Amino acid sequence: QVQLVESGGGLVQTGGSLRLSCAASGRTFSSYNMGWFRQAPGKEREFVARIRRSGSITYYADSVKGRFTISRDNAKNTVYLQMNSLKPEDTAVYYCAARAGLSGNYAYWGQGTQVTVSS
């Protein structure tokens, strides 16, 4: 089992940057594939980015490709989401999640961190 705690959210102007962090408990962090998701008010939760266990392979939603970068530091049990060129439509609660497999549901979720981009 793994527990996830996100941090780094806040209020930023359009075009600004933020870096989200997700700290995981436990000694098996490197065995999990990690993902970032977001949920805007009145909308369904949507996929943002994911990264394989080793960090060598990443995937992004088209809406963030070229602006966001997911990375991980297995020695620190942490996954990051660097967000650049932020837009008002990026405003949402951002969640990190973990799963053991390469597909299927994410079994573990953090509590989320709010990101607000002002125009």
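**A walk through an all-strand chain**

Let's start at one residue: Ser-85 is partly exposed, with a relative accessible area of 41%. Here, buried means under 20% relative accessible area, exposed means over 50%, and partly exposed is what falls in between, using a 1.4 Å probe and counting protein chains only. Keep in mind that this is a predicted model, in which local features need pLDDT of at least 70 and side-chain atom pairs count only at pLDDT 80 or more, while totals for chains, interfaces and linings use all residues. Residues are numbered from 1 along each chain as its sequence is written, and side-chain values use heavy atoms, with hydrogens and water left out.

Now step back and take in the whole chain. The protein chain has 11 strands and zero helices, so reading from the N terminus you meet β-β-β-β-β-β-β-β-β-β-β. The radius of gyration is 13 Å, close to the 14 Å that the globule rule gives for 119 residues, so the protein chain is as compact as a globular protein of that length. That radius is taken over C-alpha atoms, and the globule rule is 2.2 Å times the number of residues to the power 0.38. As for what gets called a strand or a helix, both are DSSP runs numbered from the N terminus: strands (E) need at least two residues, and helices (H or I) at least four.

Along its principal axes, the C-alpha trace spans about 40 × 25 × 25 Å. Of the 119 residues, 43% are buried. The accessible surface comes to about 6200 Å², and carbon and sulfur atoms own 46% of it. These areas come from the Shrake-Rupley method with a 1.4 Å probe, and for residues only the protein chains shown count as cover. The chain also carries 14 positive and 7 negative side chains, with the centres of the two sets 8 Å apart. In that tally Lys and Arg are positive and Asp and Glu negative, while His and the chain ends are not counted; each charge is placed at NZ of Lys, CZ of Arg, CG of Asp or CD of Glu.

How does the chain fold back on itself? Take contacts between residues at least 6 apart in sequence: 55% of them join residues at least 24 apart. A contact means heavy atoms within 4.5 Å.

A good strand to find next is β4, residues 33-39. Six of its seven residues are buried, so β4 is largely enclosed by the rest of the structure. Strand β9 (residues 92-99) pairs with β4 in the antiparallel sense over seven bridges, and there Asn-33 has Arg-99 as its bridge partner. Two strands count as paired if DSSP finds at least two bridges between them. β4 also runs antiparallel to strand β5 (residues 46-51), joined by five bridges; here Met-34 is matched with Ile-51. Six residues sit between the strands in the hairpin of β4 and β5, where Gly-42 takes a positive phi near 75 degrees.

Another covered strand is β3, residues 18-24, with five of its seven residues buried. Strand β1 (residues 4-7) runs antiparallel to β3 and is joined to it by four bridges, with Glu-6 partnering Cys-22. β3 also pairs with β8, again antiparallel, over six bridges. One match to look for there is Arg-19 with Gln-82.

Gln-82 turns up again around Thr-69, which sits in strand β7, residues 68-73. Leaving aside neighbours within four places in sequence, Thr-69 is in contact with Tyr-60, Tyr-80, Leu-81 and Gln-82. The C-alpha atoms of Thr-69 and Tyr-80 are 8.0 Å apart, with their positions 11 residues apart in sequence. Thr-69 itself is partly exposed, at a relative accessible area of 41%.

Finally, look at the loops. Most residues other than glycine have a negative phi. Asn-77, in the loop between β7 and β8 (78-83), has a positive phi near 55 degrees, and at 18% relative accessibility it counts as buried. Back at Ser-85, the loop is the one between β8 and β9, and phi is positive at about 50 degrees although this is not a glycine. One more serine is worth a glance: Ser-56, in the loop between β5 and β6 (58-60), is exposed with a relative accessible area of 59%. Ser-56 and Ser-71 are 15 residues apart in sequence and 9.0 Å apart in space, C-alpha to C-alpha.
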